[in-house]
Structure formats: structure tokens, C-alpha cells
Amino acid sequence: MSGAGETWLRLPIPFAAIGYARIGDPVRCMVLNSSFEFLAIEERWIDALSLVLAGKATPLEHYPEVVRSQHCQFNLPAVVIMRYQVKTLRRRPLFNAPTRKAVFIRDNFECQYCGVRISMSAGTRDHVMPRSRGGADTLANVVTACRSCNFRKDNRTPEEAGLTLRRKPGPLSDEEKVQCLLKTVRTKERAAWITCLRRLGIALWAA
Ligand SMILES: [Zn+2]
């Protein structure tokens with residue numbers, strides 16, 4: 001008696017015993033700290049649901065999928081917020097740093113000088129104002145560049161090298177931050193997460 005998108009769990013709570021229960025499409029859950037900052041991604045829906053059922057987290061957004069125990073049914077949480085502040089060792093807010101991944105995703109994997117597509121392995125980061133001349137290592141000063149543009153530019157500004165920036169570099173949008181989070185983000189997850197963040201006006205990883 002299970003419809004599309006539903007799974008019958010064979011045991012009641014506690015969920016520890018039903019880790020083998022499967023749903024058609026695995027969905028991950030975004031976990032926010034009580035301060036509304038991004039904390040983690042729960043890879044297993046059962047871990048996210050357990051946080052909610054244990055009273056440790058409050059769901060902010062659900063997926064349409066339902067799981068059932070013998071007596072109850074639950075919508076799978078898409079975003080939960082912790083009810084207490086979890087201490088993390090993270091010093092610098094995620095994604096404010098101009099990592100290769102963050103810069104490439106923001107620039108849509110295109111060289112910001114010639115527009116050629118680059119890959120994660122072949123692309124390079126270019127400091128618009130060179131570091132040797134006091135340029136900062138920030139998202140506002142780092143862009144995606146192909147090897148040949150980077151070589152041509154060398155320790156010069158774009159003007160000096162006769163290159164033109166296609167777009168002024170800036171911070172990442174929430175959508176781009178979500179892309180940075182995971183190797184693959186499924187459309188359904190991204191839709192649920194972004195919807196929730198927008199609805200509640202949550203800016204992830206605010207500086
Ligand atoms: Zn180029």
C-alpha cells in the first residue's frame with residue numbers, strides 16, 4: 001500500500017533500527033545553526049528526521065516525500081534549523097573565500113577575459129589587481145581565467161595587458177553558494193532549499 005514517493009517503514013520509532021528503509025529518490029537535508037548560518041548537509045534523510053523527532057531541530061521546509069512508521073507519517077525535511085547553537089571550528093564564513101570552486105562557479109566556468117569554457121582542473125584563478133601589487137585575495141579581486149589569458153596578463157592589470165573583464169567580480173549568490181556545497185545538487189533539493197531561504201529572508205553565510 002505504498003504510493004509514489006512513499007515508503008513504508010517496517011518498524012516504529014526509534015528510527016535507529018530502520019536505517020535500511022529506502023525511498024525512491026535520496027534527498028539530503030540542509031541544516032542551519034540556530035543563528036541561521038549554514039551548518040551542514042545531512043546526507044541521510046533519516047538523520048535529519050531524527051534531529052527533528054528528538055526535538056533538536058525544527059523543520060523549515062519539507063519535501064513532498066512521506067515516510068511512514070506503523071502509526072505515524074512524516075514529510076521528509078528539506079531544511080531544518082537547530083534549536084541550540086552548535087559550536088563549530090569554522091573561523092571564516094564559508095564561501096567568502098575566493099577558492100577555485102567558488103570563483104569558477106560564480107563565473108560560470110568561463111574565462112572572464114576571453115569567455116572560453118574552462119574545467120575545474122584546467123582553469124586558473126587570476127588576481128585582477130596582482131597580489132604582488134597589493135591586490136587582495138578576495139572574491140572582489142579574483143576571477144576565472146584560462147591558462148593563456150592568465151599567462152598573457154602576468155603581473156599586470158587588465159588595462160595594462162589589453163584585456164577587458166567581462167563582468168565585475170563580486171560575492172556569490174545564494175544559488176551559487178548552494179552549488180558550492182555539494183559535488184552534485186539535485187534540482188529538487190536546490191529548489192526546496194532556495195525557496196526556503198528566500199521565503200524566510202535568510203542570507204546564507206553572511207559576512
Ligand atoms: Zn581566456
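# Exercises on a predicted model

Ala140 sits in the loop that runs between β6 and β7 (142-145). The model is predicted: local features need pLDDT of at least 70, side-chain atom pairs count only at pLDDT 80 or more, and totals for chains, interfaces and linings use all residues. Residue numbers start from 1 along each chain as its sequence is written. Helices (H or I, at least four residues) and strands (E, at least two) are DSSP runs, numbered from the N terminus.

## Exercise 1: Ala140

Task: decide whether Ala140 is buried, partly exposed or exposed, and find which residues it touches.

Solution.

- Step 1. Take the cut-offs. A residue is buried if 20 or more other C-beta atoms lie within 10 Å of its own, exposed if 12 or fewer, and partly exposed in between; C-beta atoms are placed from the backbone.
- Step 2. Apply them. Ala140 has 14 C-beta neighbours inside 10 Å, so it counts as partly exposed.
- Step 3. Look for contacts (C-beta atoms, placed from the backbone, within 7 Å). Leaving out residues up to four places away in sequence, Ala140 touches Pro169 and Gly170.
- Step 4. Check a distance. The C-alpha atoms of Ala140 and His127 are 9.2 Å apart, and the two residues are 13 apart in sequence.

## Exercise 2: the whole chain

Task: set out the order of helices and strands in the protein chain.

Solution.

- Step 1. Count the elements. The protein chain has six helices and seven strands.
- Step 2. Read along the sequence. The pattern is β-β-β-α-β-β-α-β-β-α-α-α-α.
- Step 3. Add burial. Of the 207 residues in the protein chain, 28% are buried.
- Step 4. Add the range of contacts. Take those between residues at least 6 apart in sequence; 63% of them join residues at least 24 apart.

## Exercise 3: the strands around β2

Task: find the sense in which β2 pairs with β3 and with β5.

Solution.

- Step 1. Use the rule. Two strands pair if DSSP finds at least two bridges between them.
- Step 2. Take β2 and β3. They pair in the antiparallel sense over four bridges. Phe38 in β3 is the bridge partner of Leu32.
- Step 3. Inspect the turn. The hairpin of β2 and β3 has five residues between the strands, and Phe36 there takes a positive phi near 75°.
- Step 4. Take β2 and β5. Their pairing is parallel, over three bridges. Leu32 stands opposite Ile81 in β5.
- Step 5. Go on to β4 and β5. They pair in the antiparallel sense over eight bridges. Val66 stands opposite Asn75 in β5.

## Exercise 4: Pro59 and helix α1

Task: place Pro59, then find what the buried residues of α1 pack against.

Solution.

- Step 1. Locate Pro59. Its place is in strand β4.
- Step 2. Classify Pro59. It has 19 other C-beta atoms within 10 Å, so it is partly exposed.
- Step 3. List contacts. Setting aside neighbours within four places in sequence, Pro59 is in contact with Val52, Pro77 and Val80. Its C-alpha atom is 9.2 Å from that of Val31, 28 residues apart along the chain.
- Step 4. Turn to helix α1 (residues 45-53). Its buried residues are Trp45, Ile46, Ala48, Leu49 and Leu51. They pack against β2 (29-32), β3 (38-42), β4 (57-68) and β5 (73-82).
- Step 5. Step past the helix. Just after α1, Gly55 takes a positive phi of about 80°.

## Exercise 5: positive phi outside glycine

Task: find where Asn108 and Asp154 lie, and classify each as buried, partly exposed or exposed.

Solution.

- Step 1. Recall the background. Most residues other than glycine have a negative phi.
- Step 2. Take Asn108. Its phi is positive, near 60°. Asn108 lies in the loop between α2 (100-106) and β6 (124-127). It has 13 C-beta neighbours inside 10 Å, so it counts as partly exposed.
- Step 3. Take Asp154. Its phi is positive too, about 55°. Asp154 lies in the loop between α3 (147-153) and α4 (158-161). It has 9 other C-beta atoms within 10 Å, so it is exposed.

## Exercise 6: α5 against α6

Task: describe how helix α5 and helix α6 pack.

Solution.

- Step 1. Get the geometry. Helix α5 (residues 174-181) and helix α6 (residues 187-200) pack at an angle of about 140°, with axes 11 Å apart. Axes are lines fitted to C-alpha atoms, for helices over the stretch in contact, and angles run from 0 to 180 degrees between N-to-C directions.
- Step 2. Name the angle. That makes α5 oblique to α6. Under 35 degrees counts as roughly parallel, over 145 as roughly antiparallel, 65 to 115 as roughly perpendicular, and the rest as oblique.
- Step 3. List the contact. Asp174, Glu175 and Val178 of α5 meet Arg190, Trp193, Ile194 and Leu197 of α6.

Terms used:
Contact = placed C-beta atoms within 7 Å.
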